[in-house]
Amino acid sequence: MDSEQLKSSSQRWMNAALAAFVEGPESYDFAVHHAGVASEHLLKAYLAGIHPALIVDGRHFDSLLHATGLGSHAAPLTKVKTIGLAEAHERVLRLLPRKIPIDKKDLEPLADARNGVAHSAIHDAAQAEAVFMNA
């Protein structure tokens, strides 16, 4: 839940996403997956920089304990539950109104492409191209 660690992770994932994209359509699944993770980590880096509790699932008490420095009373850190890409984006939009040009509708192609790959090994080459070419 460290802001700098999330920022560094975002950079590594995006580098991998771009490298996969230039390999061509056979690697677009990796490209959209990695770009989605990179975007999620970047948004979470901003939120965690304000306070780590902003990236955890507020319904999960052990996660809140870790985020507030009371992790010694909680399950292991590896059990922490955090928000996803769409929720992180929504939270950042609320904290930075009119400063983020990407609204929920603009984020959907990336979120949908990433989720398709992550959850069902499905991706659409045209959708992947749109994620990278229309950004």
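**Loops, a kinked helix and a pocket in a predicted model**

At 82% relative accessibility, Arg 98 counts as exposed, a reading taken, like everything below, from a predicted model. Arg 98 sits in the loop that joins helix H4 (85-95) to H5. The backbone is worth a look here: phi of Arg 98 is positive, at about 65°, although Arg 98 is not a glycine. Most residues other than glycine have a negative phi.

A second residue with a positive phi is found in the loop between H5 and helix H6 (125-133), where Ala 121 is placed. Phi of Ala 121 is near 55°, again in a residue other than glycine. Ala 121 counts as exposed because its relative accessibility, 68%, lies over the 50% cut-off.

Helix H5 itself comes next. H5 covers residues 104-120, 17 residues in total, and reaches 22 Å from its first C-alpha to its last. That span is close to the 24 Å expected at 1.5 Å a residue. H5 does have a kink of about 25°, centred on Leu 110. Leu 110 is also one of the buried residues of H5. The others in that buried set are Leu 107, Ala 111, Ala 113, Arg 114, Gly 116 and Val 117, so a reader following the helix in the viewer will find an arginine listed alongside leucines, alanines, a glycine and a valine.

Towards the start of the chain, the loop between helix H1 (3-22) and helix H2 (28-50) holds Ser 27. Ser 27 has a relative accessible area of 10% and is therefore buried, the cut-off being under 20%. The side chain of Ser 27 has a polar partner: a contact of 2.8 Å links it to the side chain of Glu 23.

H1 and H2 also matter to the description of the second largest pocket, which has a volume of about 200 Å³. These two helices are the elements that give two or more residues to its lining. H2 gives the most, with 3 residues. The lining as a whole is made up of Met 1, Gln 5, Leu 6, Glu 40, His 41, Lys 44, Ile 55, Leu 77, Thr 78, Val 80 and Thr 82. By residue type, the lining of this pocket divides into 5 nonpolar, 4 polar and 2 charged residues. Glu 40 and Lys 44 are the charged members of the lining, while the nonpolar members include Met 1, Leu 6 and Ile 55.

Key. Residues numbered from 1 in each chain as written. Predicted model: local features only at pLDDT ≥ 70, side-chain atom pairs only at ≥ 80, totals over all residues. Heavy atoms only, no water. Helix = DSSP H or I, 4+ residues; strand = E, 2+ residues; numbered from the N terminus. Buried < 20%, exposed > 50% of the residue type's maximum accessible area, 1.4 Å probe, protein only. Polar contact = N/O pair within 3.5 Å; in protein donor to acceptor, adjacent residues only side chain to side chain. 1 Å grid on protein atoms, 1.4 Å probe; cavity = no way out; pocket = protein on both sides within 12 Å on 5 of 7 lines; lining within 4 Å. Points joined across faces, edges and corners; volume = space filled by probe spheres on them. Expected span 1.5 Å × (residues − 1). Bend = angle between axes of the 7 residues up to and from the residue.
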